[in-house]
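Dear colleague,

I am passing on the structure we spoke of, and I would be grateful if you could read the notes beneath it alongside the coordinates.

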Amino acid sequence: MPRLILSMDGLVLKEMVLEKERTTIGRKPHNDIQIDNLAISGDHAAIVTILNDAFLEDMNSTNGTYVNGQPVKKHVLKNNDVIELGKYRLKYLSDGGGSPSEQDEAMSFAQVAVETDSGLSGAEAAAIVTSTGASAPPPVAALGMIQILSGAHAGRTLELSKSLTTLGKPGLQVAVITRRPHGYFITHVEGTVFPVVNGRSLDAQAHRLSDHDIIEIAGVKMEFFSQATSQ
Amino acid sequence: MSDSSPQWRMALESHVGQVRARNEDYVFCDEHRGIVALADGMGGHAGGGVAARLAVDAWVERIAACGDEPVVERDLLVAVADANRAVFSAASGDPALRGMGTTLVAGCFRRDGMLVACNVGDSRLYRLRGDVLTCLTRDHSVLREQWEAGMIESESSAPIGLKGLLTRAVGVSANVVPDVTISTLLPGDVYLLCSDGLTEMLPDADIAHVLGALGGNPQLAAAHLVDLANDRGGMDNISAVIVSSCESGRLGAELD
């Protein structure tokens, strides 16, 4: 039976077995897992267990449900996933603590090959685009940061905690840094000048950032780096 | 006719997702005519994709026939009837396509500054105006009706088996009645048409954040919404059409 381990600030509070088809989590007493804290919504989230698969669903909670640092609305739980609700953490263990083979299984499930319906590609006006990212590498626990190196804000740092952060000078040049499970990417948004990374001007494609890359946007230099988040 | 309305820039993106074998969504946009359409097909062996495409093509053909005349509510109704007939007759005539159907959300950005749109099923039309994201359509789904009738507390608290069940769809019966939305367009507005593969994966707050930050670059906004939905599981086909008159997105950090 899959289990959940509830903890706060690294302190294990409770261990629960997911034996019902639907396990609800929230502040109200009727929930299967009641967490009496104001940061938790009355009906915050639910886990539906079907055979060996468990689906986590956020019930439109006020403060959101996170898995491995990413906000989720619906999520197929994998062994060792960490669900975060406010300051509480629920670690999901698939069965008997989760053997390595089960982890492989969970990974290969996420890497199911996909193909687009080729019958649709002939359309003139409609473009069906196959984007990359079909495989799901382990989520990044690291939090990206930008330190401004020149200009009026030199010395300031900026946390890249959202799924995207736009930066630049309006009307002149804007770039976006996106946070994805396999890393941080910078893409040109607007303006005639493209961002420069380590002295080289980017093209229209997204460019993956590495630690200590030097980025130049709208004449301002900045450094990208990442920090491991406390798990 | 006055041409005072802002320039609407459009972009579209459609992706099979991480779980499904085929992409049965179909998307269309025509910047010049100001027409957008999105369909999420279902049913039959290959039927879903066929239904989506037939419906969009028939709808677009009818609306394009209006030429320079402003598209009015009646045109939308006739175009949806055409779309319905196209799918329904194809499904009746070919056993392999029997039972297919599709959602449809489609609209026309008129030069006189009005948006006329229609929808059938659970594909949605959103508008971001300032900081406020508004869903301009109402899902024709069992969950939405149960929720409106007070039978369930929220659409996500219902049994999982009811998810995706539609109360209206294009092409499953001889007639279908769409909902029609007519509203004023304002400069700076950003609009999104999307299939439930996007809205099931992303809360409205995330959609608002992406449209707000990347509204100045519709192609990037569409691509990022699809990426996000894929990153969160991509349980269904994911499609987005973005229409924007926003010149510059909101900045997370303004550099001096």
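What follows concerns a helix and a group of aromatic rings in chain B.

Please keep in mind throughout that this is a predicted model.

I begin with helix α2 of chain B, which covers residues 73–93. With 21 residues at 1.5 Å a residue, the helix should span 30 Å, and because its end C-alpha atoms are 30 Å apart, the expected and computed values agree. Its buried residues are B:Leu76, B:Val78, B:Ala79, B:Val80, B:Asp82, B:Ala83, B:Asn84, B:Val87 and B:Ala91. Among the elements of chain B that cover these buried residues are α1 (47–64) and the strands β4 (101–102), β5 (104–109), β6 (114–120) and β9 (179–184).

Turning to the aromatic rings, there are four aromatic pairs over all chains. One of them joins B:Trp8 and B:Tyr191 in an edge-to-face arrangement, with 5.8 Å centre to centre and 65° between the planes. B:Trp8 lies in the segment before β1 (9–15) and B:Tyr191 in strand β10 (residues 190–194), so this pair ties together parts of chain B that are 183 residues apart in sequence. The rings of B:Phe109 and B:Tyr191 have their centres 5.3 Å apart and their planes at 75°, and this pair is therefore edge-to-face. It likewise links distant parts of the chain, since B:Phe109 is in strand β5 and B:Tyr191 in strand β10, 82 residues apart. B:Trp8 and B:Tyr191 are both buried, as is B:Phe109, and the three residues B:Trp8, B:Phe109 and B:Tyr191 form one aromatic cluster.

With best regards

Key: Residues are numbered from 1 along each chain as its sequence is written. Chains are lettered from A and ligands numbered from 1 in the order in which they are written. This is a predicted model: local features need pLDDT of at least 70, side-chain atom pairs count only at pLDDT 80 or more; totals for chains, interfaces and linings use all residues. Side-chain values use heavy atoms; hydrogens and water are left out. Helices (H or I, at least four residues) and strands (E, at least two) are DSSP runs, numbered from the N terminus. The expected span of a helix is 1.5 Å times one less than its number of residues. Buried means under 20% relative accessible area, exposed over 50%, partly exposed in between (1.4 Å probe, protein chains only). Contact means heavy atoms within 4.5 Å. Rings of Phe, Tyr and Trp (its six-membered ring) pair if their centres lie within 6.5 Å; planes under 30 degrees apart count as stacked, over 60 as edge-to-face and the rest as tilted.
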